[in-house]
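This briefing reviews a single protein model for a reader with the sequence and coordinates at hand. The topics are enclosed spaces, nonpolar cores, cysteines and selected local environments.

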Amino acid sequence: MHIDEYTALDATALAAVIASGEVSADEVAALAIAAIDRVDEEVNAVAEGPFDRPLDYAADGRFAGVPFAIKDIVCHAAGVPTRMGTRLLGEGFVPPADTHLMARFRAAGLATLAVTTTPELGFNGNSEALAYGSTRNPWNTAHSAGGSSGGAAVLVAAGAIPIAHANDGGGSIRVPAACNGLVGLKPGRGRVPVGPDSAEALYGMGAELAVTRTVRDTAALLDEVAVSYPGDPYVIAPPARPWVEEVGADPGRLRIAVHTESWAGSYVDPEVAGAVDAVAGVLEAAGHDVERRTPGIEWESFLNANHVLWSSFLAGSVAGLEALTGATAGPENLERTTWACVEYGRTVSGIDLGNALAAVNTVSREVGRFFTEYDLLLTPTMNTPAPLLGHLDANADLSAFEWTTRIFDVCSFTPLFNQTGTPAISLPLAQSAQDLPIGVQLAGPACSEAMLLRVAAQLEEAMPWADRRPAVHAAALMSPAT
């Protein structure tokens, strides 16, 4: 197999080629290892690896032999160091066992070859942790890769691997998907397991899945990993049929609301708003009822709740790492904004936490009511195309609240659906005048993954993106001419 053939295939197609015997899994792994190495020289997306050979996987899994990477936070593999983007962990903690999700990835046949970069403890819409250095956007290396799943998105966008693990506590699947021109589904709360280390991630705001190049890969992976385990705090309604069967299925005539103004009142690039308007036109032409409406969000209350929840969560996470390693956290091993959040988080009282969760309930009730009137909400994924590197500098001298505000001003459309726990997907439906991808977000009510996948596939057919390639791409970097 030539590098051009490898990078042209999504995970579903690559799995089929391997299963046919046309190419062996070992040959594909060797090609992927070389591609990861070459791409990483340009974009700095790898926290650990690439490994000499893939981690063990099921040879009879749906994706048997398909190259894969896990993000350096939450999900982990037995024996593989994890640093979570922080210098507090030094060379990394080596977990003795897989998380439940890692076990599902192995069972699906995914051939894990690397661990990808993330901002410190995941709290950033960028991926420039001091622990690794800046991860750069393959479309333009002066720009951000997004976060917190920036390394994962970069490797997939640059053609090094077709699919990679990602997770999302405020937009961290969808934001890097938008920055890098990928599909990024944040599933609903409880859909994909986060245990056994914790019952839920980030007070229920965190979700796990992946970034991909195609809607069918996202659907097929969801079929493989959406399971529950004994002791999980949520039991969520299973799908009526496999999610992969929703790809290409008729979504029917839906009521779709459109909103392009930031709930934070922050700047939205006209190109981004224009891209959403164009998608709204395509959906209307497809027979959907499209109307400009938005749920009513009291932003100050919403932002304050995130400030309390994120800061207290970070304080608890750092306390856990201190207990694990025996190290003492402080400004010498945490970035300035992380340390500011930890210091504030240590002061959060039970009453503060209760009030924040009450605010989450208020927002969730309003959004739930909104989705009794509309089937889907269409918005930008990000306020702008990928910003320049350093725009979200986690080592800046800012208070915890200033840092939270800065992130949420730039990523104002995604975190709502972390608080509600409802699914949302980012699709790469436009390009800016500077040739940077623009992501468009579709969000729905609880248990609406099937509907989101149907409409996403409808848009993928109407506004295809598969042939777009960034400036940094494995096929170009590894061609004989180079």
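Leaving aside its neighbours within four places in sequence, with which residues is G190 in contact? In this predicted model, the contacts of G190 beyond that range are Y234 and I236. The points below begin with G190 and the cavity that it helps to line, and then turn to other regions.

**G190 and the largest cavity**

- G190 is located in the loop that runs between strand 5 (183–186) and strand 6.
- With a relative accessible area of 27%, G190 is partly exposed, because that value falls between the 20% limit for buried and the 50% limit for exposed residues.
- The C-alpha atom of G190 is 26 Å from that of V94, a residue 96 positions away along the chain.
- The model contains 4 cavities of 30 Å³ or more, and the largest encloses about 190 Å³ of space.
- The largest cavity is lined by 21 residues, and those closest to its centre are R189, G190, V192, V194 and Y234. Y234 is also one of the contacts of G190.
- By class, this lining comprises 10 nonpolar, 6 polar and 5 charged residues.

**The second largest cavity**

- The second largest cavity holds about 120 Å³ of space.
- Its lining consists of 16 residues, with N124, G170, G171, S172 and I407 closest to the centre.
- No charged residues occur in the lining of the second largest cavity, which is made up of 9 polar and 7 nonpolar residues.

**Pockets**

- The largest pocket has a volume of about 660 Å³, and its lining is formed by 32 residues.
- Nearest the centre of the largest pocket are I73, V74, M84, F313 and S317.
- Helix 9 (299–325), strand 4 (163–168) and strand 6 (207–212) each contribute at least two residues to this lining. The largest share, 7 residues, belongs to helix 9.
- The lining of the largest pocket contains 15 nonpolar, 12 polar and 5 charged residues.
- In the second largest pocket, the volume is about 350 Å³, and 21 residues form the lining.
- R213, W465, A466, D467 and R468 lie nearest the centre of the second largest pocket.
- At least two lining residues of the second largest pocket come from each of helix 1 (3–8), helix 5 (150–157) and strand 10 (424–431).
- The residue classes in this second lining are 10 nonpolar, 6 polar and 5 charged.

**Nonpolar cores**

- The largest nonpolar core has 96 residues, among which F105, V211, L378 and L427 touch the most other members.
- Helix 3 (residues 25–43) provides the largest share of this core, with 9 residues.
- Beyond four places in sequence, L378 touches I256, A257, V258, H259, V276, V279, A280, L283, V440, Q441 and L442.
- A second core, separate from the largest, has 63 residues, including L88, A257, F408 and A424.

**Helix 4 and its surroundings**

- The buried residues H100, L101, M102, F105 and R106 belong to helix 4 (residues 100–107).
- The elements covering these buried residues include strand 2 (67–71), strand 3 (111–116), strand 4, strand 6 and helix 7 (215–225).
- After helix 4 comes G109, which has a positive phi, near 90°.

**Q419 in helix 13**

- Q419 forms part of helix 13 (residues 416–420).
- The relative accessible area of Q419 is 0%, and the residue is therefore buried.
- Not counting residues up to four places away in sequence, Q419 touches R189, M205, F302, A305, N306, V360, V363 and S364. R189 is also among the residues closest to the centre of the largest cavity.

**Cysteines**

- The model has 0 disulfides. C341 takes part in none, and its nearest cysteine sulfur, that of C411, is 15 Å away.
- Why is C341 counted as buried? C341 has a relative accessibility of 0% and so counts as buried, since the limit for that class is under 20%.
- C447 is partly exposed, because its relative accessible area is 40%.

Definitions and conventions: Residues are numbered from 1 along each chain as its sequence is written. This is a predicted model: local features need pLDDT of at least 70, side-chain atom pairs count only at pLDDT 80 or more; totals for chains, interfaces and linings use all residues. Side-chain values use heavy atoms; hydrogens and water are left out. A disulfide is a pair of cysteine sulfur atoms within 2.5 Å. Buried means under 20% relative accessible area, exposed over 50%, partly exposed in between (1.4 Å probe, protein chains only). On a 1 Å grid over the protein atoms alone, a cavity is a set of points where a 1.4 Å probe fits but cannot get out, and a pocket is an open set with protein on both sides within 12 Å along at least five of seven lines; lining residues have an atom within 4 Å of a point. Grid points are joined across faces, edges and corners, and a volume is the space filled by probe spheres set on the points. Ala, Val, Leu, Ile, Met, Phe, Trp, Tyr, Cys and Pro count as nonpolar, Asp, Glu, Lys and Arg as charged, and the others, Gly among them, as polar. A nonpolar core is a set of buried Ala, Val, Leu, Ile, Met, Phe, Trp, Tyr and Cys residues joined through side-chain atoms within 4.5 Å. Helices (H or I, at least four residues) and strands (E, at least two) are DSSP runs, numbered from the N terminus. Contact means heavy atoms within 4.5 Å.
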